[in-house]
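User: I'd like a close look at one part of this protein, the parallel sheet, and then a walk outward to whatever else you can describe. Keep it casual, but be specific about residues.

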Amino acid sequence: MGYTIEAGKLTLTNGSFTRTMELPTVNGKYLLKEYRPTQGEFLFFESTGDEFAFELGGVLYTGATGWKLLNVAETKKSDVGEGVTVSLEALDQKVKVWLTYTWYGQLPFVRKNLTVQNCTNGELCLESVDVEKFAITGFWAPTYSWILSDYGRKKSIGPYLGNLQDSLIIVHHPDWEAGIVLGNEAPGVLKGASVWARGREITLGLTHKDEDYPFRKYLASGEVFVASDVFTGVYNHQKDTHIVMNQMVQDYVRKYMGIRLTQIEERPIFVYNTWQPFEYNISEQLIKETAEAAAQAGIKEYVIDDGWQDSYGDWGIDYKKFPNGLKPVVDHIKSLGMKAGVWASIGTASPQSKVYREHPEWFLKNKEGEDFSLLGGGNSKRTACFSTGWSEYITGVLERLVDEYGFDYLKLDFSVVSSPYRYNKEEAGCYSCNHSAHRDREESMWVNYNKMWEVFDKLHKGRPNLFIDCTFETMGGLQLVDYAMLRHAEGNWLSNFFGNMGEKTDLRIRQMAWWRSPAMPATSLVIGNAHIQDVGYENHVRSLAGALPILLGDPRQIPKQDREVLSKYSGWLAKMEQKHNIMLYRQDLPGYFEPAIGGHDGFARINRETFSGGIIGFFRHGAKESTRRVCVDGLLADREYLILDMDGNQIARMSGVLLEKEGFDVTIAEDFGGRLFEITLS
C-alpha cells in the first residue's frame, strides 16, 4: 500500500516522490505539508499549502477554512496504479469534498480529483475551483525559475496566468536542477492555472470567476460536482526538461491517462483528405477518380470533406453532386483497399435546414438574445446548444452515417463553446435562459463541452476502432488540442496551411508538431494542407511522419513514378507501425529544438515500452553545414541497435549508450531536405 497515516498525517509515496497532508484531526485544517522527490533536495513548497480552494455560494473554502475528517480509504480510478480518497465535511456543514489521489508505478506524478457536494437545502453556485493549491517558498521565483507554458514550449518568467493552451506547464529552476510539472485535464477554454499570478502560490484547476471564460456550475441541494482531473509532478537532478517532457510526461499520458488513441487497435497510417484544393466542389466522379489515384499512391484512409451534404444540420446527401447517393462512392473507396472517412459539423445548422426550422429552441443565443453562429459566416450558419435536444439528435445523425456507410474516420468540425476567430470574449457560450441543462452563459460552457464528450463516447460504443478527429474549431481556440479532448476523441485537425509554399510548408508542419508534442501524442496532431502532387512531396511526407501523416491536393496529378515513391513511404510507415508501434510515440532529438530557418531539426518515434526501436526524422532547413551528428536517448544502454535507411541499408551499428553519447552522422546535400531512418535492435 503506497500510503500511510501516522501522527495525524497522510503520506503518499511510490519511491520516486513523497507527499504528506496534515489531516483535520490535528487542528481542523487539511494542508499540504510536504511534496518532494524522495531523494535529494527540493525547496519549492512551504509546509502550509491550502491544498485546494473553491467558492460555493459566494463563500471561499480552502484546506485551511475548517474541516472534519470523515474517512480515508484506498481507492482506484482504474485497474492500474494506487490511490486513496480523503472525505471531508466543512465545519459549517454546508459542503462535503472528496479528494482522490492516484499514482502509477515509479513515475513522480500524482493525479488528483476534487469532488464537491452541496449539503444545503438550496441551490448554490460553484466557481473558482483550484484542484491543486501550492504555497511557494520566498525565493526569487521570477528571477530564478523558468515557466514553460503553452504545451511546455514557451519560456517566460513570472508571474503567469494560464490560458486555454496550458494543458501542460513546467516550472523549472535551472540552478536547483529541479521543478514542478502541472498537467490540466480541464476542457478547452476552461483550463485554470496560475504561477505567482495570485500571490506566492501555484494553482491548477478551472478558470476563476474574474477570467475571460469563467467556469460556473449551479449545484442543487445534495448535488455532486466532479472537477476535471489534474496531475502534478516534482523532480530534481535534471539540468533541463528534456527527459521530463520526452520520457516522464509522455509515458504518463500514454500509459495512464486513458486517452482514446491507445484504445484503438489500428491507428491511421497515411491519410488523404479532399478539402484542398476542392473545398465544397466535390462530386461522385471526382471522389472515384481521386480515390483510385490515392490508392495507387499508397493512401490507407480516404476522408471526404465538406460538400457532400444537402445542408448543415440535416446531413442528407446532395443528390446533384452524388446522384446515386454516398454508398457507391464509399464502397468504391473500400474496394480499393482504403478505409473511408467523412466530415461533418457536430454543432452547426443552416437557417434553411429542417432541424433548425422545427427546433429553433435547440440553438444558442447571443448576449442580445438572438440566434448566433460562434464560428462566423454571417447569416449562413447557426450554432446549436448541447444543453438541449440537439445532443441526442446529432448523436443519431452521426451514428447513422457511421453505421450506414461504414465510415472509420469522422472529422467533426465547427465551434460549440467558443470560437477561434472571435476576439470578443463575451461571444462565447450560450446566453439562453430557457435551456434546461444550463442556467446562464457561464454554466453553458462547462455543460456543452461535457455533453459533446458524451456524444463522442456514444459513438465509440460498439465501434472501438472509430477515429474521431475533433478539430481545433470544435475545441474553440486556434490550433487547440488538449487532454480532455483526447480522453474522448483520437485526433485534432490543427491547421490549414494554404497554398504551395514549398519548403515553408514543411517547416510549418514540423514547427506545429514540435510545438504540441511531446506534451500531446503526435498521432493526435492532424496537420493540413500539404498537397500530395507538390514537387516537394517527399519532404512533406518526411515532415508529416512526425505527426499524423495526412496529405491533401489532387492525386490525379501525380505521375506514375511518383505514385510508386509515395506508396513506398506508405508501406515503410505501415511496416514501422507493425514492427515498433511508432504511432504512440514521439520524442525530441537531444540538442535539437524548434525547427527554424537556417538550422537542422528532427524527431524520434521510439517505442518506450519494448525499446525495440522506431524511426528518426532529420531535416536541413537552409543550414550552412550539410552534415550533423544525431544522438538518440532513452534506448536500452547495453543493447546493440542498427540504424537503417528506408531501403534497409545499414548506416551505423552501436549500443544504446553510444547512440546517446556519440550518435551518428547524417548528411543532407540539398539545402532544404530530410531523411527518415529506422532504429532497430540488432
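Analyst: Here's a tour that begins at the parallel sheet and then moves on to a helix, a loop histidine, a second sheet and a hairpin. Keep in mind that this is a predicted model.

Let's start with the part you asked for. The parallel sheet is an open one built from 6 strands, and reading across it you get β28-β27-β24-β23-β22-β31. At its edges sit β28 (467-470) and β31 (550-551), each of which pairs on one side only.

Go to the β28 edge first. Its partner there is β27 (residues 409-413), and the two run parallel with 4 bridges between them. If you want a residue pair to click on, K411 has D469 in β28 as its bridge partner. Is β28 covered or open on its faces? Covered, on both: F467 and D469 are buried on one side, and I468 and C470 are buried on the other. For these calls, buried means under 20% relative accessible area. So D469 is a residue to look at twice, as the bridge partner of K411 and as one of the buried residues of β28.

Further across the sheet, β22 (residues 271-273) and β23 (residues 301-304) are joined by 3 bridges, again in the parallel sense. Here N273 sits opposite V303 of β23.

Now for a helix that comes earlier in the numbering. α3 covers residues 242-256, and its 15 residues reach 20 Å from first C-alpha to last, close to the 21 Å expected at 1.5 Å a residue. There's a bend of about 30° at V249. How enclosed is α3? Largely enclosed by the rest of the structure, because 13 of its 15 residues are buried. Just past the helix, G258 has a positive phi of about 85°.

Next up is a loop residue, H488, which you'll find between α11 (483-486) and β29 (492-496). Its relative accessibility is 16%, so H488 counts as buried. Setting aside residues up to four places away in sequence, H488 touches R260, W453, F456, D457 and H460.

On to the second sheet. This one is also open and also has 6 strands, but the pairing is antiparallel and the order is β32-β33-β34-β39-β36-β37. The edges are β32 (587-588) and β37 (650-655); each has a single partner strand, so one side of each has no neighbour in the sheet. At the β37 end, β36 (residues 640-645) pairs with β37 in the antiparallel sense over 5 bridges, and Y641 stands opposite M654 in β37.

Two helices go with this sheet. α14 packs on it and touches β34 and β39, with its direction making about 35° with that of β39. α12 (residues 503-516) lies across β32, β33 (599-606), β34 (613-621) and β39 (672-681), and runs at about 130° to β34.

α14 (residues 560-580) has a helix partner too: α13 (residues 537-544) packs with it at an angle of about 10°, the axes being 11 Å apart. That angle is why the two helices count as roughly parallel. On the α13 side the contact involves Y537, E538, V541 and R542, which meet D562, V565, L566, Y569 and L573 of α14.

Last stop: W146, in strand β12 (residues 146-149). With a relative accessibility of 34%, W146 counts as partly exposed. β12 has antiparallel pairing with β15 (residues 168-173) over 3 bridges, and in that pairing W146 has H172 as its bridge partner. H173 is 27 residues from W146 in sequence, yet the C-alpha atoms are 6.2 Å apart.

β12 also pairs with β13 (residues 154-156), antiparallel and over 3 bridges, with I147 opposite S156. The hairpin of β12 and β13 has 4 residues between the strands, and D150 takes a positive phi near 55° there. Back at W146, its contacts beyond four places in sequence are K155, S156, I157, I170, V171, H172 and P174.

Note on methods:
Residues numbered from 1 in each chain as written. Predicted model: local features only at pLDDT ≥ 70, side-chain atom pairs only at ≥ 80, totals over all residues. Heavy atoms only, no water. Pairing = 2+ DSSP bridges. Expected span 1.5 Å × (residues − 1). Bend = angle between axes of the 7 residues up to and from the residue. Buried < 20%, exposed > 50% of the residue type's maximum accessible area, 1.4 Å probe, protein only. Axes fitted to C-alpha atoms, helices over the stretch in contact; angles between N-to-C directions. Parallel < 35°, antiparallel > 145°, perpendicular 65-115°, else oblique. Contact = heavy atoms within 4.5 Å.
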